[in-house]
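Dear colleague,

I am handing over the structure below, and after it I set out what was found in it. Please read the notes alongside the coordinates.

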Amino acid sequence: MNVVEVDSYNEMSRKASELIVKKIKENTSSVLGLATGGTVIRVYQMLIKDHLVNGTSYREVNTINLDEYVGLGSSDSNSYRYYMNENLFTHLDIPQEQSHLPNGMATNRKEECVKYEELIGELGGVDLQLLGIGENGHIGFNEPGTSFRSKTHVVKLMESTRKANARYFSSLDSVPTHAVTMGIDTIFRSKQILLLASGMKKAAAIDWLLNGEVSEDLPASILKKHNRVTVIADKDALSLSKVSGITFTK
Ligand code: PGA
């Protein structure tokens with residue numbers, strides 16, 4: 001695992017966006033795995049700016065998002081499809097049919113999960129997966145205790161995750177109780193992974209990730225077994241970590 005320490009959220013976002021643009025330049029038909037949430041939002045702003053200024057094109061790119069809330073459709077401002085359209089897709093030249101998220105409105109959710117796995121396979125797998133990390137160490141919506149062998153599946157969200165995400169909703173009660181998420185094995189099969197962390201709230205999870213055991217109690221810890229992972233974290237996120245035995249660059 002390569003760990004890059006940066007001074008700020010802005011620098012984290014800049015480095016991440018540069019890596020993504022480099023990947024697209026190397027392979028204009030890359031399959032990008034994308035995430036939602038607060039951590040990645042500046043990265044998307046920087047990708048949009050780069051697209052406008054430097055003309056990086058997404059015409060041949062496919063994107064695969066990690067997850068979607070069950071019961072929220074694309075016109076719901078809290079759905080992840082809406083977030084992605086607003087914060088990224090409509091500002092790029094990516095054809096809408098090449099941006100993929102699980103369908104949170106699917107009536108047959110099991111079938112939706114199987115179809116999502118098949119789609120990733122048909123696209124040849126994810127070339128670069130962008131990840132945030134939950135305060136409890138989750139990746140996607142894979143909460144602690146999720147099997148490392150899990151594929152795309154429906155999850156019941158932990159109360160702590162619902163509370164962490166309630167800031168986007170009118171009340172805690174309106175936060176969905178379930179989501180469809182790529183599984184941990186699905187994420188692990190990505191060819192390259194970029195995990196971002198910013199702020200003190202992530203410090204405990206990052207310390208466990210860097211210095212703790214690989215355990216299903218910390219879903220992100222599986223990434224230690226992957227041979228192409230870069231963690232970009234700011235000083236606050238690294239404030240509890242004594243990093244040892246890991247390539248550490250600044
Ligand atoms: P955040 O979420 O970027 O909003 O902190 C990350 C996550 O929960 O994976």
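How many bridges join strand 4 to strand 8, and do these strands run parallel or antiparallel? Three bridges join strand 4 to strand 8 (residues 178–181), and the two run antiparallel. Before going further, please note that this is a predicted model, in which local features need pLDDT of at least 70 and side-chain atom pairs count only at pLDDT 80 or more, while totals for chains, interfaces and linings use all residues. Residues are numbered from 1 along each chain as its sequence is written, and side-chain values use heavy atoms, with hydrogens and water left out.

The sheet

Strands 4, 8 and 7, in that order, form an open sheet of three strands with antiparallel pairing (strands being DSSP runs of E of at least two residues, and helices runs of H or I of at least four, numbered from the N terminus; two strands pair if DSSP finds at least two bridges between them). Its edge strands are strand 4 (67–69) and strand 7 (153–156), each of which pairs on one side only. Neighbouring strands of this sheet are turned by 25° against each other on average, direction ignored (axes are lines fitted to C-alpha atoms, and angles run from 0 to 180 degrees between N-to-C directions). Between strand 4 and strand 8, Y69 stands opposite A179 and E68 stands opposite V180. On the other pairing, four bridges join strand 7 to strand 8, and V180 is the bridge partner of V154.

The largest pocket

The largest pocket holds about 770 Å³ of space (a pocket being an open set of points on a 1 Å grid over the protein atoms alone, where a 1.4 Å probe fits, with protein on both sides within 12 Å along at least five of seven lines; lining residues have an atom within 4 Å of a point). Of its 33 lining residues, T36, G37, G38, N165 and R167 lie nearest its centre. Strand 4, helix 3 (80–87) and helix 5 (159–165) each supply at least two residues of this lining, and helix 5 gives the most, with four residues.

The ligand

The residues around the ligand (with a heavy atom within 4 Å of it) include G37, G38, T39, H138, R167 and K202. An oxygen atom of the ligand lies 2.9 Å from a backbone N or O atom of G38. From polar side-chain atoms, the distance to a ligand oxygen atom is 2.5 Å for T39 and 3.0 Å for R167.

With best regards

Conventions
Grid points are joined across faces, edges and corners, and a volume is the space filled by probe spheres set on the points. A polar contact is a pair of N or O atoms within 3.5 Å; within protein, one must be able to donate a hydrogen and the other to accept it, and residues adjacent in sequence count only if both atoms are side-chain atoms.
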